[in-house]
Amino acid sequence: MLLKDHWYVAAWAHEVTRGLLARRLLGEPVVLYRSTAGDPVALEDRCLHRRAPLSLGRVVGDEVECGYHGLRYDADLLTLAAHTSSAAADRVEVTG
Ligand code: FES
């Protein structure tokens with residue numbers, strides 16, 4: 001039995017790089033990568049737009065860019081910008 005709100009190993013340190021690593025943790029899709037400072041980042045592996053796996057996108061600086069429409073997410077999932085359409089970015093709102 002796996003319990004939520006407990007520590008589990010998500011990956012070995014050497015597995016988390018500047019590339020995107022998809023994992024399933026406690027049944028949830030997670031994407032792992034390292035920031036430019038070398039800090040590990042874990043995000044839900046689903047885009048807020050159409051739930052595309054972020055792990056199929058790419059790392060741009062400290063952000064993950066969704067490979068489908070180009071929305072970008074930072075480590076807090078709060079920075080969100082569309083790089084394919086400024087009109088789409090104007091309509092996107094994230095509340096936390
Ligand atoms: S599904 Fe990710 S930007 Fe549209």
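Tutor: Before we start, one definition: two strands pair if DSSP finds at least two bridges between them. Keep in mind as well that this is a predicted model.

Student: OK. How do strand 2 and strand 3 pair, and over how many bridges?

Tutor: Strand 2 and strand 3 pair in the antiparallel sense, over five bridges. To take one residue, valine 31 has leucine 43 in strand 3 as its bridge partner.

Student: What's between those two strands?

Tutor: Five residues, and the two strands form a hairpin. Glycine 38, in the turn, has a positive phi of about 95°.

Student: And strand 1, which way does it run against strand 2?

Tutor: Strand 1 covers residues 21-25 and strand 2 covers residues 28-34; they run antiparallel and five bridges join them. Leucine 21 has leucine 32 in strand 2 as its bridge partner.

Student: How many residues sit between the strands in that hairpin?

Tutor: Two residues lie between strand 1 and strand 2 there, and leucine 26 takes a positive phi near 50°.

Student: What holds paired strands together in general?

Tutor: Strands of a sheet pair through backbone hydrogen bonds, in a parallel or an antiparallel way.

Student: So what order do the three strands take in the sheet?

Tutor: The order is 1-2-3, in an open sheet with antiparallel pairing. Strand 1 and strand 3 (40-44) stand at the edges with a single partner strand each, so one side of each has no neighbour in the sheet. From one strand to the next, the twist averages 35°.

Student: Changing topic. Where is glutamate 15?

Tutor: Glutamate 15 is in the segment before strand 1.

Student: Buried or exposed?

Tutor: Glutamate 15 counts as exposed because it has 11 C-beta neighbours inside 10 Å, and the cut-off for exposed is 12 or fewer.

Student: How far is glutamate 15 from leucine 32?

Tutor: In space they are 9.1 Å apart, C-alpha to C-alpha, and in sequence they are 17 residues apart. Leucine 32 is also the residue that bridges to leucine 21.

Student: Now the whole chain. How many helices and strands does it have?

Tutor: One helix and seven strands. Along the sequence the pattern reads β-β-β-β-β-β-β-α.

Student: What share of the chain is buried?

Tutor: Buried residues make up 19% of the 96 residues.

Student: Last one: what share of the contacts comes from residues 24 or more positions apart?

Tutor: Counting the contacts with a separation of 6 or more, residues 24 or more positions apart account for 19%.

Note on methods: Residues numbered from 1 in each chain as written. Predicted model: local features only at pLDDT ≥ 70, side-chain atom pairs only at ≥ 80, totals over all residues. Helix = DSSP H or I, 4+ residues; strand = E, 2+ residues; numbered from the N terminus. Axes fitted to C-alpha atoms, helices over the stretch in contact; angles between N-to-C directions. Buried ≥ 20, exposed ≤ 12 C-beta atoms within 10 Å, placed from the backbone. Contact = placed C-beta atoms within 7 Å.
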